[in-house]
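Welcome, and please take a moment to look over the model shown here. The report below walks through some local features, the metal site and the overall fold.

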Amino acid sequence: MARVTAGLTTSHIPAVGAAIDLGKTGEDYWKPVFAGYDFSKQWIAEAKPDVIFLCYNDHATAFDLKSIPTFAIGCAEEFQPADEGWGPRPVPALQGHPELASHIAQSVIQSDFDLTVVNEMEVDHGLTVPLSLLFGQPDAWPCKIIPFAVNVVVYPPPSGSRCFNLGKALREAIESYDEDLSVQIWGTGGMSHQLQGERAGLINKEFDADFLERLIKNPAELAEMPHIDYVREAGSEGIELVMWLIMRGALDEAVDVIHKHYHVPASNTALGHLILENQT
Ligand code: DHB
Ligand code: FE
């Protein structure tokens, strides 16, 4: 059977992608950002997952105000990197896993979560920057990737508890797939940041530290935090953190922290990154 072998979260800051693409990772500003991924790159090269189920938010790239799916699962064979205004990032197309994605869609929808099935979609920095951080600049991504887009851009976003419970349903779906696959679940975005309005530039290190601690040790309680608290404490784009709860819901209550990285500044965002594994 397929297994959920690890959970990983990371910020998906577009300027981090640009630093990689433009060869600037060695600059003083960026060095401490990328140093926090040295361990992770080695770890994933050894872990060799077969599939990454990658929860991210689309930033009005594939979806716009014409249609706003709360949860969209990518079931295609292939997904191309999107042009977000400067041409597509020079990264490989993703190879999907249509069979596993369709199995997950069936299982999760029948568990009462209303997913939108997407058979054609371009993917933006929310998805490609995390892949670059973990895999560098390969000719092809070393595993299959199932994109899972969560709406946190247009009000109303899904609640933390909805995301946490969705993670549990995902795990059940993956662990009922009849092929021996190692599947990682990633949640991207965050941590505290606000890109717009009077509070643009907001960072809240205390909130972020507390969020990391509770995500690791007491996620069920953290999942009860209402949407408005994310906005007040972590800024309007801090709501991206609900996607970290999808990852967390797919793991056991008790987890080992394999790696943790937190750094400010990185563009306009507090950058956070975690790798978690079940203890058994
Ligand atoms: C930034 C961060 C994001 O998460 C994003 O989607 C866009 C921009 C930033 O830090 O500039
Ligand atoms: Fe974002």
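Let us begin in a loop: Met-191 sits between strand β8 (182-188) and helix α7 (205-217), where helices (H or I, at least four residues) and strands (E, at least two) are DSSP runs numbered from the N terminus. The peptide bond joining Gly-190 and Met-191 is cis, with omega about -5°. Another cis bond runs from Tyr-155 to Pro-156, with omega near 5°, and Pro-156 belongs to the loop between β7 (144-150) and α6 (160-174).

A word on the ground rules: this is a predicted model, in which local features need pLDDT of at least 70 and side-chain atom pairs count only at pLDDT 80 or more, while totals for chains, interfaces and linings use all residues. Residues are numbered from 1 along each chain as its sequence is written, chains are lettered from A and ligands numbered from 1 in the order in which they are written, and side-chain values use heavy atoms, with hydrogens and water left out.

**Backbone angles in loops**

Two residues other than glycine have a positive phi, listed here with their loops.

| Residue | Phi | Loop |
|---|---|---|
| Ala-60 | near 55° | between β2 and β3 |
| Ser-267 | near 55° | between β9 (255-266) and β10 (269-278) |

How exposed or buried are they? Ala-60 is exposed at 52% relative accessibility, whereas Ser-267 is partly exposed at 33%. Here buried means under 20% relative accessible area, exposed over 50%, and partly exposed in between (1.4 Å probe, protein chains only).

**The iron site**

Which protein atoms serve as donors to the iron ion (ligand 2)? They are NE2 of His-12, NE2 of His-59 and OE of Glu-240, at 2.0 to 2.2 Å from the ion. Donors are N, O and S atoms within 2.8 Å of the metal (3.2 Å for Na, K and Ca); water is not among the atoms, so sites may look incomplete. Along the sequence, the donor residues follow the spacing H-x46-H-x180-E. His-59 lies in the loop between β2 (51-56) and β3 (71-74), and Glu-240 in the loop between α9 (227-234) and α10 (242-249), so this pair ties together parts 181 residues apart in sequence. His-59 is partly exposed at 24% relative accessibility, while Glu-240 is buried at 4%.

**Phe-39 and its partners**

Helix α3 (residues 38-47) holds Phe-39, which is partly exposed with a relative accessible area of 35%. Leaving aside residues up to four places away in sequence, Phe-39 touches Ile-258, His-259 and Ile-275; a contact means heavy atoms within 4.5 Å. The C-alpha atoms of Phe-39 and Lys-260 are 9.9 Å apart, although 221 residues separate the two along the chain.

**The whole protein**

Stepping back, the protein has ten helices and ten strands. Its C-alpha atoms fill a box of roughly 45 × 45 × 40 Å along the principal axes. The radius of gyration is 17 Å, which agrees with the value near 19 Å for a compact globule of 280 residues; the radius is taken over C-alpha atoms, and the globule rule is 2.2 Å times the number of residues to the power 0.38.

Of the 280 residues, 55% count as buried. Among contacts with a separation of 6 or more, 81% join residues 24 or more positions apart.
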